[in-house]
Amino acid sequence: VEINGVGGEVTEIGLMSTTLLETGDLADRGHPTGRRITLMNSFAIRGQYFNFSTTGQWMWDEITVSLPASEDSQDMVERIHKAVEEETEGSARVAEQEWKRGTRDDGLSLFSAAPVVNLRPSASGIDILVRYVTRASERFGVRNRLYQRVIDLLRKENGSAQADEAHPGADV
């Protein structure tokens with residue numbers, strides 16, 4: 001749920017208050033921060049409440065890809081991001097519509113279900129963490145399709161790099 005701008009999993013509902021296990025900000029939705037937040041039930045009564053579990057069962061999921069550091073890394077990151085956007089575009093649009101339709105407050109109008117890309121340095125180069133919205137029931141299928149698209153991009157990149165090495169100066 002999200003109550004008064006605080007998102008989390010409900011751990012306790014009392015007569016006067018509700019306790020949440022807080023989850024991260026928009027990019028980290030679904031990842032507990034470890035904080036327990038207790039809010040007065042009046043927030044839900046006044047309309048500053050959104051129950052994500054009663055709509056389309058949407059969730060943030062993620063894939064991680066490791067790339068060696070190179071001059072072409074940013075180009076590959078952009079291609080991966082574009083592939084994820086293409087694969088999840090329809091789901092993201094429907095999720096945003098359901099979120100907007102299901103809220104009693106305009107607080108969720110700032111929500112975006114667009115994929116989020118984070119880069120992290122690693123010992124072998126760069127780790128790309130891509131978070132995206134998917135229906136819980138489709139999570140594994142979407143993840144498998146995304147990994148397959150990323151593998152295809154990496155194969156294509158490796159194929160053109162090998163062709164460049166075999167024929168230096170030739171247009172491929």
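**A sheet, a core and some salt bridges**

Tutor: Start with one pair in this predicted model. Glu-62 and Arg-131 join their side chains in a salt bridge, 2.8 Å from N to O.

Student: Which strands do Glu-62 and Arg-131 lie in?

Tutor: Glu-62 is in strand β6 and Arg-131 is in strand β8. The pair therefore ties together parts 69 residues apart in sequence.

Student: Is Arg-131 buried or exposed?

Tutor: Buried, because its relative accessibility is 6% and the cut-off for buried is under 20%. Glu-62 is partly exposed, at 23%.

Student: OK, the sheet. What's the strand order?

Tutor: The order is β6-β8-β7, in an open sheet of 3 strands. The pairing is antiparallel.

Student: Which strands stand at the edges?

Tutor: β6 (58–68) and β7 (116–122) do. Each has a single partner strand, so one side of each has no neighbour in the sheet. From one strand to the next, the twist averages 25 degrees.

Student: How many bridges pair β7 and β8?

Tutor: There are 7 bridges between β7 and β8 (residues 125–135). In one of them, Leu-119 is partnered with Ile-128 of β8.

Student: What else does Ile-128 touch, leaving aside neighbours within four places in sequence?

Tutor: Its contacts include Ile-63, Val-65, Val-77, Ile-80 and Val-117. Ile-128 also has a role in the largest nonpolar core, which has 16 residues. Along with Ile-63, Ile-80 and Val-84, Ile-128 touches the most other members.

Student: Which elements supply that core?

Tutor: β6, α2 (73–102), β8 and α3 (139–166) each give at least two residues. The largest share is 5 residues, from α2.

Student: Back to charges. How many salt bridges are there?

Tutor: The count is 9. One of them joins Asp-61 to Arg-139, with the closest N and O atoms 3.1 Å apart. Asp-61 is in strand β6 and Arg-139 is in helix α3, so this pair ties together parts 78 residues apart in sequence.

Student: Asp-61: buried or exposed?

Tutor: Asp-61 counts as buried, at 4% relative accessibility. Arg-139 is partly exposed, at 26%.

Student: Which residue forms a salt bridge with Arg-149?

Tutor: Glu-87 does, with the closest N and O atoms 3.4 Å apart. Arg-149 is in helix α3 and Glu-87 is in helix α2, so the pair ties together parts 62 residues apart in sequence.

Student: Which residues are linked in a network with them?

Tutor: Lys-82, Glu-86 and Arg-145 are linked with Glu-87 and Arg-149 in a network of salt bridges.

Notes:
Residues numbered from 1 in each chain as written. Predicted model: local features only at pLDDT ≥ 70, side-chain atom pairs only at ≥ 80, totals over all residues. Heavy atoms only, no water. Pairing = 2+ DSSP bridges. Helix = DSSP H or I, 4+ residues; strand = E, 2+ residues; numbered from the N terminus. Axes fitted to C-alpha atoms, helices over the stretch in contact; angles between N-to-C directions. Core = buried A, V, L, I, M, F, W, Y, C linked by side-chain atoms within 4.5 Å. Buried < 20%, exposed > 50% of the residue type's maximum accessible area, 1.4 Å probe, protein only. Contact = heavy atoms within 4.5 Å. Salt bridge = Lys/Arg side-chain N within 4 Å of Asp/Glu carboxyl O.
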